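Student: Please take me through one part of this model closely, beginning with the whole and then turning to that part.

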Amino acid sequence: MSNPRLLILGPPGAGKGTQSANLAEEYGIEHITTGDALRANKDMDISEMDTEYDTPRAYMEAGDLVPDAVVNAIVDEALSQADGFVLDGYPRNLEQAEELSGMTALDVILSLEVDREELVDRLTGRRICDDCGANYHVEFSPPETEGVCDDCGGELIQREDDNEESVRNRLDVFQDNTAPVIDHYEDHDGFVTIDGEGTPDEVWAAISDAVDARVE
Ligand code: AP5
């Protein structure tokens, strides 16, 4: 089989970013993430798309969804350049899922499951390197020196939407918009549910077993 086409689904904080980094390295595929793409373009002018706000920033800081037209264009462009990928953060509603079905087929769909209060703890404790993007947690995976990235020495910062109010809104938006997407994929041959509550290494072992069983 050519390089695998993977989709990773799950609520905010389920570990999609953490495990997508492992998948990209293990299988030599692209990590396509709408969250990172939008964060890198928070202030782009989207007013011509007839949206409520003129940039993605206001939607993201509140934890609301950025309009579909913006996100669909980002994913279409990224997929057209990828030879194998793990798609993270998309689709987030049924309209996006419909759009994706016209862009590519999928080999494996991983759905990470984690309890809501564990998600709040993970997200409010997350810290990101401002230089290289490495991911830490103040309690579950702290850096050797507080506030400093182990990999590059950069400063660790908190994402603007990782405060408790935005986190709880993101979880509500997930429940209303994205949970139906998971139901939509349940009948796909490559669909697999992963218990996301173990350690990152335990979750990775379950994910790599599931992918190996489906792509070899
Ligand atoms: P996005 O960046 O996609 O955020 P998200 O879905 O809320 O997911 P996160 O990145 O917060 O969580 P994750 O599951 O990747 O967890 P992580 O691995 O970091 O989207 C941000 C915003 O962009 C949205 O709110 C929206 O506005 C917009 N947007 C994006 N896509 C869109 C779309 N398609 N349509 C419309 N709008 C869109 O882990 C979290 C923490 O837990 C880390 O600290 C980590 O170290 C720790 N951790 C990970 N695994 C474990 C474990 N097993 N045990 C203990 N701790 C763990």
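**The chain and one sheet**

Tutor: The protein chain of this predicted model holds eight helices and eight strands, taken as DSSP runs (helices H or I of at least four residues, strands E of at least two) and numbered from the N terminus. Its radius of gyration is 17 Å, close to the 17 Å that the globule rule gives for 216 residues, so the chain is as compact as a globular protein of that length; the radius is taken over C-alpha atoms, and the rule is 2.2 Å times the number of residues to the power 0.38. Along the principal axes, the C-alpha trace spans about 45 × 45 × 30 Å. Residues are numbered from 1 along each chain as its sequence is written. Local features need pLDDT of at least 70, side-chain atom pairs count only at pLDDT 80 or more, totals for chains, interfaces and linings use all residues, and side-chain values use heavy atoms, without hydrogens and water.

The part to examine is an open sheet of three strands in the order 6-5-7, with antiparallel pairing; strands pair if DSSP finds at least two bridges between them. Strand 6 (135-137) and strand 7 (156-157) are the edge strands, each pairing on one side only. Two antiparallel bridges join strand 7 to strand 5 (residues 126-129), and Ile 128 has Ile 157 of strand 7 as its bridge partner. Helix 6 (residues 116-124) packs on this sheet and touches strand 5 and strand 6, contact meaning heavy atoms within 4.5 Å. The direction of helix 6 makes about 35° with that of strand 5; axes are lines fitted to C-alpha atoms, for helices over the stretch in contact, and angles run from 0 to 180 degrees between N-to-C directions.
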